[in-house]
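Reader: I've got a fold to look over and would like to talk it through. Can you walk me around?

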Amino acid sequence: MITINQAMETDIPIIEDILLDVFNWLESTGKHMWVHERIKWDFLSTFLKIEEFYIAYIHNEPIGCMALIDFDPLIWQDINKGESLFIHRLAVKRNHAGQGVSKVLIDYAKMQSIQRGINAVRLDCWQDREKLRAIYEREGFVCVEEKVLFNHYHTALYRWKI
């Protein structure tokens with residue numbers, strides 16, 4: 001059974017380890033996504049708080065994580081604070097890929113939105129990540145826009161709404 005725990009300061013190495021595992025796999029397959037320095041807490045902490053991270057466990061082994069925030073003016077400029085939750089850095093260790101971990105994390109984000117009285121969850125991904133986009137669409141997310149962010153990243157913006 002997969003459980004989800006809110007992260008604490010002592011979990012920073014766990015988050016970095018999960019993100020590094022996914023980073024290394026992406027690099028090995030030629031699917032570059034993150035810059036190595038941007039999966040380190042020194043960078044992540046410039047725009048995320050530790051309590052915004054959630055870690056998925058199976059038998060006390062950390063297997064996935066995500067950040068869940070209620071404001072993202074960098075990517076979603078037209079969404080006011082508290083109108084939506086935003087998933088970032090959703091990652092599942094490769095030895096647990098395909099086992100429903102991302103679904104559990106996404107379901108947790110949806111549950112959090114309902115409990116907080118927020119009617120939408122949003123996320124973004126690179127436009128050319130067809131398998132990733134299919135996962136999000138299976139989970140009820142709808143692509144609401146495709147655009148180029150920061151003159152470089154061809155991005156698909158997704159929304160799930162109650």
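Author: Sure, and keep in mind that this is a predicted model. A handy place to start is His59, which sits in the loop between E2 and E3.

Reader: Which sign does the phi of His59 take, and near what value?
Author: Most residues other than glycine have a negative phi. His59 isn't a glycine, yet its phi is positive. The hairpin of E2 and E3 has two residues between the strands, and that's where His59 takes this value. So the answer is positive, near 50 degrees.

Reader: Is His59 buried or exposed?
Author: Residues over 50% relative accessible area count as exposed. His59 comes out at 70% relative accessibility, so the label is exposed.

Reader: Where is Asn151 found, and what is its phi?
Author: Asn151 is found in the loop between E6 and E7. At 78% relative accessibility, Asn151 counts as exposed. Asn151 is not a glycine, but its phi is positive, about 60 degrees.

Reader: Back to the hairpin: in what sense do E2 and E3 pair, and over how many bridges?
Author: Strand E2 covers residues 53–58, and E3 covers residues 61–69. One of the pairings to look for is Tyr57, whose bridge partner in E3 is Pro62. The sense is antiparallel, and the number of bridges is six.

Reader: And E3 with E4, how many bridges there?
Author: E4 spans residues 85–92 and pairs with E3 in the antiparallel sense. For a landmark, Gly64 stands opposite Val92 in E4. The bridges between E3 and E4 number five.

Reader: How many of the nine residues of E3 are buried?
Author: Buried means under 20% relative accessible area. Cys65 is found in E3 and is buried, with a relative accessible area of 0%. E3 is largely enclosed by the rest of the structure, because the number of its residues that are buried is eight.

Reader: What does Cys65 touch, leaving aside neighbours within four places in sequence?
Author: Its contacts include Tyr54, Ile55, Arg89, Leu90 and Ala91. The others on the list are Ile15, Ile18, Leu19 and Leu105.

Reader: How many disulfides are there?
Author: A disulfide is a covalent bond between the sulfur atoms of two cysteines. The cut-off here is 2.5 Å between the sulfurs. For Cys65 the closest cysteine sulfur is in Cys125, 17 Å away and too far for a bond, while the sulfur of Cys143 is 7.8 Å from its closest, also in Cys125, and again too far. The count of disulfides comes to zero.

Reader: What is the strand order of the sheet?
Author: It's an open sheet of seven strands with mixed pairing. The edge strands, each pairing on one side only, are E1 (2–6) and E6 (142–149). Neighbouring strands are turned by 30 degrees against each other on average, direction ignored. The order is E1-E2-E3-E4-E5-E7-E6.

Reader: Which helix packs on the sheet touching E4, E5, E6 and E7?
Author: Helix H3 (residues 101–115) packs on the sheet too, but touches E1, E2, E3, E4, E5 and E7, with its direction about 160 degrees from that of E4. The helix you want covers residues 130–138, and its direction makes about 170 degrees with that of E5. That one is H4.

Reader: How far apart are the end C-alpha atoms of H3?
Author: H3 has 15 residues, and at 1.5 Å a residue they should span 21 Å. Its buried residues include Leu105, Ile106 and Tyr108. The end C-alpha distance agrees with the expected span: 21 Å.

Reader: Which element gives the largest share of the largest nonpolar core?
Author: That core has 27 residues, and among those with the most contacts inside it are Ile15, Trp34, Phe53 and Cys65. Helix H1 (12–28), helix H2 (41–44), E2, E3 and E4 each supply at least two residues. The largest share is seven residues, and it comes from H1.

Reader: How many residues are in the other core, the one with Ile4 and Trp160?
Author: That core lies apart from the largest one. Ala56 and Val92 are among its members as well. The count is 25 residues.

Notes:
Residues numbered from 1 in each chain as written. Predicted model: local features only at pLDDT ≥ 70, side-chain atom pairs only at ≥ 80, totals over all residues. Heavy atoms only, no water. Buried < 20%, exposed > 50% of the residue type's maximum accessible area, 1.4 Å probe, protein only. Helix = DSSP H or I, 4+ residues; strand = E, 2+ residues; numbered from the N terminus. Pairing = 2+ DSSP bridges. Axes fitted to C-alpha atoms, helices over the stretch in contact; angles between N-to-C directions. Contact = heavy atoms within 4.5 Å. Core = buried A, V, L, I, M, F, W, Y, C linked by side-chain atoms within 4.5 Å. Expected span 1.5 Å × (residues − 1).
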